[in-house]
Amino acid sequence: MDHHIEVFLKRLSYIALVIGTFTFILLLLETPDTCVAPDSPPKPQLRFPRHSCDHRSRQHLPLHKKNKRLWSSSTWRNQVRSFSLFFHSLHQIGLLHNHSQALCVSAGAGHEVMALSQLGVADVTGVELLESPPLVSRADPHNLPFFDDVFDFAFSARLEQALFPSRFAAEMERTVRPGGVCAVAVEEYGDGEVKEIAGLFRNSRFLGAMNVTLTGLRMTRIIMRVKHSP
């Protein structure tokens with residue numbers, strides 16, 4: 001009796017396996033009705049959607065249209081406005097001019113580059129590990145692809161994120177002419193931490209530091225003036 005039951009169960013398992021395999025094949029070959037619009041042209045080579053039920057091909061916007069959409073967003077405009085206020089204060093005290101050649105190091109998507117341009121600075125260069133054309137070009141902040149003494153003004157709001165902060169600061173100094181300015185915005189710090197950060201700029205003179213609000217964050221602005229080349 002037990003032998004007959006065992007044979008029956010084996011046959012039942014075999015039948016279930018065949019039915020399951022057959023059903024799976026049908027599902028693979030059949031395109032769900034909800035995934036294709038009724039007026040879509042027949043495409044026998046595409047039996048089912050690869051990724052989603054959206055049968056329409058994805059539209060790849062040209063770069064200028066992507067940028068237009070990004071730059072018109074309220075988030076983008078607010079951040080650019082914040083950087084504009086930051087740079088305007090430096091403009092007022094004579095550390096930044098319209099004729100200045102400015103460099104933004106680790107410029108992200110380019111908010112600070114746009115802010116400087118809108119402020120009237122004619123020559124602005126932004127660099128980052130990942131480019132964001134046309135505002136930001138690709139370059140390693142630890143090994144900037146510029147000659148010595150090229151810029152009048154260098155700025156970064158990402159010094160603290162640098163893998164090698166001393167190298168990062170040294171590259172900013174190297175590319176700024178003697179008498180030019182290096183400005184950084186860092187997390188809000190006290191006098192001890194400010195002194196430590198200023199010490200990274202070994203060929204510059206400390207001009208001052210003050211707490212500011214930048215892109216909604218409380219930060220400390222540190223200003224250095226580059227000395228003559230040693």
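**Figure 1. Secondary structure of the protein in the predicted model.** The protein comprises 6 helices and 7 strands. Read from the N terminus, these elements follow the order α-α-α-β-α-β-β-β-α-β-α-β-β. Of its 230 residues, 33% count as buried. The protein exposes about 15000 Å², of which carbon and sulfur atoms supply 58%.

**Figure 2. Helix H3 and its buried residues.** Helix H3, residues 74–92, contains 19 residues and reaches 27 Å from its first C-alpha to its last, close to the 27 Å expected at 1.5 Å a residue. Its buried residues include Trp76, Val80, Phe83, Phe86, Phe87 and Leu90. The buried residues of H3 pack against helices H2 (63–71) and H4 (111–119) and against strands E4 (151–156), E5 (176–187), E6 (204–214) and E7 (217–226). Just after H3, Gly94 adopts a positive phi of about 80°.

**Figure 3. The open sheet of 7 strands.** The strands are arranged in the order E3-E2-E1-E4-E5-E7-E6, with mixed pairing. Strand E3 (136–138) and E6 occupy the edges and each have a single partner strand, so one side of each lacks a neighbour in the sheet. On average, neighbouring strands of this sheet are turned by 20° against each other, direction ignored.

**Figure 4. The pairing of strands E2 and E3.** Strand E2, residues 123–128, pairs with E3 in the parallel sense over 3 bridges. Ser137 in E3 is the bridge partner of Val127.

**Figure 5. Helices H5 and H6 with the strands they contact.** Helix H5, residues 165–175, lies across strand E1 (101–105), E4, E5, E6 and E7, and runs at about 145° to E5. Helix H6, residues 191–198, packs on the sheet and touches E5, E6 and E7. The direction of H6 makes about 40° with that of E7.

Notes
Residues are numbered from 1 along each chain as its sequence is written. This is a predicted model: local features need pLDDT of at least 70, side-chain atom pairs count only at pLDDT 80 or more; totals for chains, interfaces and linings use all residues. Side-chain values use heavy atoms; hydrogens and water are left out. Helices (H or I, at least four residues) and strands (E, at least two) are DSSP runs, numbered from the N terminus. Buried means under 20% relative accessible area, exposed over 50%, partly exposed in between (1.4 Å probe, protein chains only). Accessible areas come from the Shrake-Rupley method with a 1.4 Å probe; for residues, only the protein chains shown count as cover. The expected span of a helix is 1.5 Å times one less than its number of residues. Contact means heavy atoms within 4.5 Å. Two strands pair if DSSP finds at least two bridges between them. Axes are lines fitted to C-alpha atoms, for helices over the stretch in contact, and angles run from 0 to 180 degrees between N-to-C directions.
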